[in-house]
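Work through the exercises below with the sequence and the 3D view side by side. Try each task before you read its solution.

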Amino acid sequence: GWADIRENLRTRVGKDNYITWIEPLKLSALDDGVASFAVPTTFFGDWVSRNFADQILHQLHRSGAAVERVEFVLERNAPALPKAAARKRAPEEKEVPGAPLDGRFTFDSFVVGKPNELAHAAARRVAEGGPVTFNPLFLYGGVGLGKTHLMHAVAHELQLRQPDLRVLYLSAEQFMYRFVQALRERQVMDFKELFRSVDVLMVDDVQFIAGKESTQEEFFHTFNALVDQNKQIIISADRAPGEIKGLEERIKSRLQCGLVVDLHPTDYELRLGILQQKAEFYHTQYRDLVIAPGVLEFLAHRISTNVRVLEGALTRLFAFASLVGREITLELTQDCLADILRASDRKVTIEEIQRKVAEHFNIRLSDMIGPKRVRTIARPRQIAMYLSKQLTSRSLPDIGRRFGGRDHTTIMHGVRKIEELMTADSQLSDDLQMLKRLLQG
Ligand code: ADP
Ligand code: MG
């Protein structure tokens, strides 16, 4: 029976895993070749399914059970075995219709660096599940910078600490879809009741509801009802609340009431950290692959700020190298990722940087390359030099040529100057952040 199978699993998965993940599983049904296990939370089910489903299936086979598939069902929805006392479902125990969480998006797998440390700290704080201190937590930033990852991490952590907490994560698009469906099926009251009964609400990519009037209206009421009950809300968007066009003013100001933090474009160190973490993970999968020194550094330099692109590159690289059975050298990397490298090279040009910086400081584009040395012109020019060094893969002499034939030491001086100033000058560092976002948008 299951008890014996469970014992076998204990030796396979180790004691800690066993106690945490296997022991709580309840075999709730076994028919048609499907073994159903009741699990306490969706996260729990996802995790076990990702990490232990194969071993459970294997042990079931060994015990002679005719099982083709295992599935994990939320306890309150699980079909009861004939003898088991049927759990009565309380009315408020309606399933919360959230989007599934990605089991890989945890705090453990989130690499923290300067560009995301504030967002990470805020998410951590919310995940502790203490008294609500800021509501909502509003996370914003460009594509692929980790907003969704952080939200899922909070959800996982909360579910782990407080399994009874009703955490609802969904995208703004899904929110709208469900609302429209409720309208169509004349179940708006149910919809309202449902969304007002959660303990934590997370709505991803809220910019989606901009311009969608009745959805906004409903969102606004849901939002207020939850805030009134002191329930935590987490929202993400691709830009700051005030900058979302087509969003009602009252919603904007509501969204600004809590803590607004942005995820900045990744910098070199963060990209390298993420690459190292992923490479370590791949090493456990492709054990005999060797990665030459300098490859990760090269990628961190050359690939754009979007982490998704970075991950895609590494995935392809490892898959390719394992296919051809070769060491991952710089040369192989350049061959294998030629298209990605070209695309991210094209991303920001020095000319674009000069243009944007000139616009921002209200000076002439020609002054970027011209000889004027007054501060109001020289400083923006240095900023453009700094950004050229940061955002492109051009060498210093190359940058110098594009700044009216300046010497590489002049460029280096400019870059250093800005680096020096930006730590103390918060106006300057704001300007830099904003320009970076504009350029990499
Ligand atoms: P967003 O929602 O901001 O567009 P995601 O959260 O979907 O971005 O992140 C894109 C991908 O990059 C995901 O696979 C995510 O795990 C990964 N990622 C982003 N930031 C980090 C980070 N700091 N550490 C590890 N992985 C990250
Ligand atoms: Mg996202």
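The exercises treat two sheets of a predicted model and the helices that pack on them.

**Exercise 1.** Find the order of the strands in the sheet that holds E1, and name its edge strands.

*Solution.* Step 1: list the strands. Three of them form an open sheet, ordered E1-E2-E3, with mixed pairing. Step 2: look for strands that pair on one side only. These are E1 (26-31) and E3 (69-74). Step 3: check the twist. Neighbouring strands here are turned by 25° against each other on average, direction ignored.

**Exercise 2.** In which sense do E1 and E2 pair, and which helix packs on their sheet?

*Solution.* Step 1: E2 covers residues 34-39, and its pairing with E1 is antiparallel, over 5 bridges. Step 2: take one pair. Ser 36 in E2 stands opposite Ala 29. Step 3: add the helix. H3 (residues 42-62) touches E2 and E3, and its direction makes about 155° with that of E3.

**Exercise 3.** Why do E5 and E8 each have one side without a neighbour in the sheet?

*Solution.* Step 1: write the order. The open sheet of 5 strands runs E5-E6-E7-E4-E8, with parallel pairing. Step 2: E5 (167-171) and E8 (259-263) stand at the edges with a single partner strand each, so one side of each stays without a neighbour. Step 3: neighbouring strands are turned by 15° on average, direction ignored.

**Exercise 4.** Which strands does helix H5 touch?

*Solution.* Step 1: locate H5 at residues 147-161. Step 2: H5 packs on the sheet and touches E4, E5, E6, E7 and E8. Step 3: compare directions. H5 makes about 165° with E5.

Notes:
Residues numbered from 1 in each chain as written. Chains lettered and ligands numbered in written order. Predicted model: local features only at pLDDT ≥ 70, side-chain atom pairs only at ≥ 80, totals over all residues. Pairing = 2+ DSSP bridges. Helix = DSSP H or I, 4+ residues; strand = E, 2+ residues; numbered from the N terminus. Axes fitted to C-alpha atoms, helices over the stretch in contact; angles between N-to-C directions. Contact = placed C-beta atoms within 7 Å.
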